[in-house]
Structure formats: structure tokens, C-alpha cells
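Reader: I'd like a close look at one part of this protein, with the neighbours filled in around it. Could you walk me through it in plain words?

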Amino acid sequence: MQALWMLVASAMFAMMGSFVKLATEHGASLPQIVLFRGFPSVVLLLIWARAARQSIVPTSWRLHLWRNLSGVTSMWLGFFAISHLPLATATSLNYTAPLFIACWMLGWGGAQRDPVRIAAVALGFLGVIAVLRPSINPDEWLAAALGLTAGAMSAVAMMQIRQLGRIGEPEWRTVLFFSLGVCLSSTVGLLIEGWGHADLLGYAALIGVGMAGLFGQLAMTRAFGVGSALLTAALQYSTIIFAALLGMGFWGDHPDALAWAGMGLIIAAGLLSVWRTMRMPPET
């Protein structure tokens, strides 16, 4: 059952990426997309907290601040990459967070001589090169660089989420404050860029962004809560496969053999990094 929940979450996140791309093509601005991603979660979580008489006061404002700065930045950069790159390519770059965590562990986490993490980093970035080299046009390198930066910022956010979990912060409150940060950032973006010119299909895609993102978040939370964290972390990489299939079906993207091999390397390196992190003591 746990595997089913994570596969549902991965499919939802891949669909969310598709809706982001579709909304952009039909006139929606990036701030609009970010707003529609966060708003449903804020409304539903506040309603639930009120009904369940749960306090929304956080345990640590500082950790929430750093989690939001890194997570919201990652979302903006990731959505920008999705709107300008083939869906599978952008998704692969967004899922490089475990590689950056492995880099941090090698540099500053006391794991300098860990051959498993060294292999994970080497394999992962070989995969990034393989994904980018055959599929990126010269005018798409900025989007590719920002997509890779989104993966790095996501790694920072993951470490903050881990710290929040260690101090006993419930997952729903972490998601609530992240969603509030998303909505606040989108308001600033709307003041600068304006509302956008989405047509009817564009608004339908915006609703899809919010609903797919919300259901994906709920399914992923359920998956991590009912079974092996290692299996769940492994299955989340199926998002890349789902995104590749959606890109082929709706946008006619056809990654070549080298690009597929690169995606495989990124997935394998991410799994290796996650496995090593979960097997090692916390201080390493």
C-alpha cells in the first residue's frame, strides 16, 4: 500500500509539472502559477486546523524561515525551468537534491572518505551532463542552470525539514507555513509582473497545478508515514519517468538514448545517496 501511495504522489507531481507547462503556454504568468500552487493548501490546512483545534504557532520561526526561503526559491526556479525546457529534462534537474546533499556531506559533514557518496555524486553529475548535452538548445541554458539551482535549493529545504522533524514540528504545520510563504512570494511577483493573460484552458491548468500539487503532497506524506522511508524515497524518482511519458504524449518530446541514460544515472545516484544517508549514523 505504501508503494501505491508514493506512485500516486509521483504521478501527481508529474501532472503538476505538465499543468505548469500548459498554463505557461496559455498565457498564465509565473506568479499566477505559484499562487495557484500554494493557495489550496493554505485554505484546506487552515480549515482542518480550525476544525481540529490545532495551534498554528510554529515551534521554531527560524527553521521555518530558512525552510521557506530555500523551498520557495526552489519552486520558482523549478517552475521556470519546467516552462522553458522539455518536461523530463526539467524534472530530472529538479530531482538532483540528494546529489547536493551528498556533496555537502563530503565537504562538511565528516564523510570525506566515503566512497559510496563519492560514487553517487560522480554518477549523478554524469547523468546531468548526459541529460543536458543532447537535449538543450543554446537559448535554454539559462533555464537549465536555474533548474539545477532549484535542485540545490531543494536540498537546503530538505535539511531544514529534517531539523523541523527532529524538534517535533508536525508535517501539516510545515506544509502550511511553506504554502503561506509560496502565496506571499506570488503576491510580490504579481505586483511586479501583473496578473497575466491566461485563457480558459490556462485557468483550468492553473487549477490543475493547485490540485495536483496538493494531492501529491498528501499522498507523499501518507507514504512516508506508513512504511519504509527508503522505499518511499526510492519510488519518488518515478516522477521522472512519469514526466518523460507525459512529455512524449502531450509535447512530442522524444529523449534520445543518451538522455534516457542520463535520467537513469540521476535516478541511480539519487537512490544510492538516499540509501547511504539512511544507513549512516546521523553525524556523518
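Reader: Let's start with a single side chain: is serine 74 buried or exposed?

Author: Keep in mind that this is a predicted model. Serine 74 is buried: its relative accessible area is 13%, and the cut-off for buried is under 20%. You'll find serine 74 in helix H3. Setting aside residues within four places in sequence, serine 74 is in contact with Ala150, Met153 and Ser154.

Now let's stay with that helix and see what it packs against. H3 covers residues 61-84, and its axis comes within 9 Å of the axis of helix H8, residues 171-193, with a crossing of roughly 55°. That angle makes H3 oblique to H8. As for its hand, the crossing of H3 and H8 is right-handed. On the H3 side, the contact is made by Trp61, His64, Arg67, Asn68, Gly71, Val72, Met75 and Trp76. H8 brings Arg173, Thr174, Phe177, Phe178, Gly181, Val182, Ser185, Ser186 and Gly189 to the contact. Sort the residues of this contact by type and you get seven nonpolar, eight polar and two charged.

Two of those residues are worth a stop, one on each helix. Take histidine 64 in helix H3. Histidine 64 is buried, with a relative accessible area of 2%. Not counting residues up to four places away in sequence, it touches Pro58, Leu164, Glu169, Arg173, Thr174 and Phe177.

Look again at two names in that list, Glu169 and Arg173. Arginine 173 and glutamate 169 form a salt bridge, with their closest N and O atoms 2.5 Å apart. In general, side chains of opposite charge can pair when their charged atoms come close. The structure holds one salt bridge, so this pair, arginine 173 with glutamate 169, is the one. Both partners are tucked away from solvent by the numbers: arginine 173 counts as buried at 10% relative accessibility, and glutamate 169 is buried at 6%. Histidine 64, then, touches both members of a buried pair.

Over on H8, the residue to pick out is valine 182. Its relative accessible area is 1%, which makes valine 182 buried. Leaving aside neighbours within four places in sequence, valine 182 is in contact with Val34, Gly38, Val72 and Met75. Val72 and Met75 are H3 residues from the contact described above. Gly38 is far along the chain from valine 182, 144 residues apart, yet their C-alpha atoms are separated by 5.6 Å.

That leads to another helix. Helix H2 spans residues 30-52, and H2 and H8 pack at an angle of about 145° with their axes 7 Å apart. Here the crossing is left-handed, whereas H3 and H8 cross in a right-handed way. The residues of the contact of H2 with H8 divide into 17 nonpolar, seven polar and one charged.

One last spot, away from those helix pairs: tyrosine 95, in the loop between helix H4 (87-94) and helix H5 (97-108). Though it sits in a loop, tyrosine 95 is buried, at 18% relative accessible area. Beyond residues up to four places away in sequence, tyrosine 95 touches Phe13, Gln236, Tyr237, Thr239, Ile240 and Ile266. Its C-alpha atom is also 8.7 Å from that of leucine 148, which is 53 residues away along the chain.

How values were computed:
Residues are numbered from 1 along each chain as its sequence is written. This is a predicted model: local features need pLDDT of at least 70, side-chain atom pairs count only at pLDDT 80 or more; totals for chains, interfaces and linings use all residues. Side-chain values use heavy atoms; hydrogens and water are left out. Axes are lines fitted to C-alpha atoms, for helices over the stretch in contact, and angles run from 0 to 180 degrees between N-to-C directions. Helices (H or I, at least four residues) and strands (E, at least two) are DSSP runs, numbered from the N terminus. Angles under 35 degrees count as roughly parallel, over 145 as roughly antiparallel, 65 to 115 as roughly perpendicular and the rest as oblique. A crossing is left-handed if the near helix is turned anticlockwise from the far one by less than a right angle, and right-handed if clockwise. Contact means heavy atoms within 4.5 Å. Ala, Val, Leu, Ile, Met, Phe, Trp, Tyr, Cys and Pro count as nonpolar, Asp, Glu, Lys and Arg as charged, and the others, Gly among them, as polar. A salt bridge is a side-chain nitrogen of Lys or Arg within 4 Å of a carboxyl oxygen of Asp or Glu. Buried means under 20% relative accessible area, exposed over 50%, partly exposed in between (1.4 Å probe, protein chains only).
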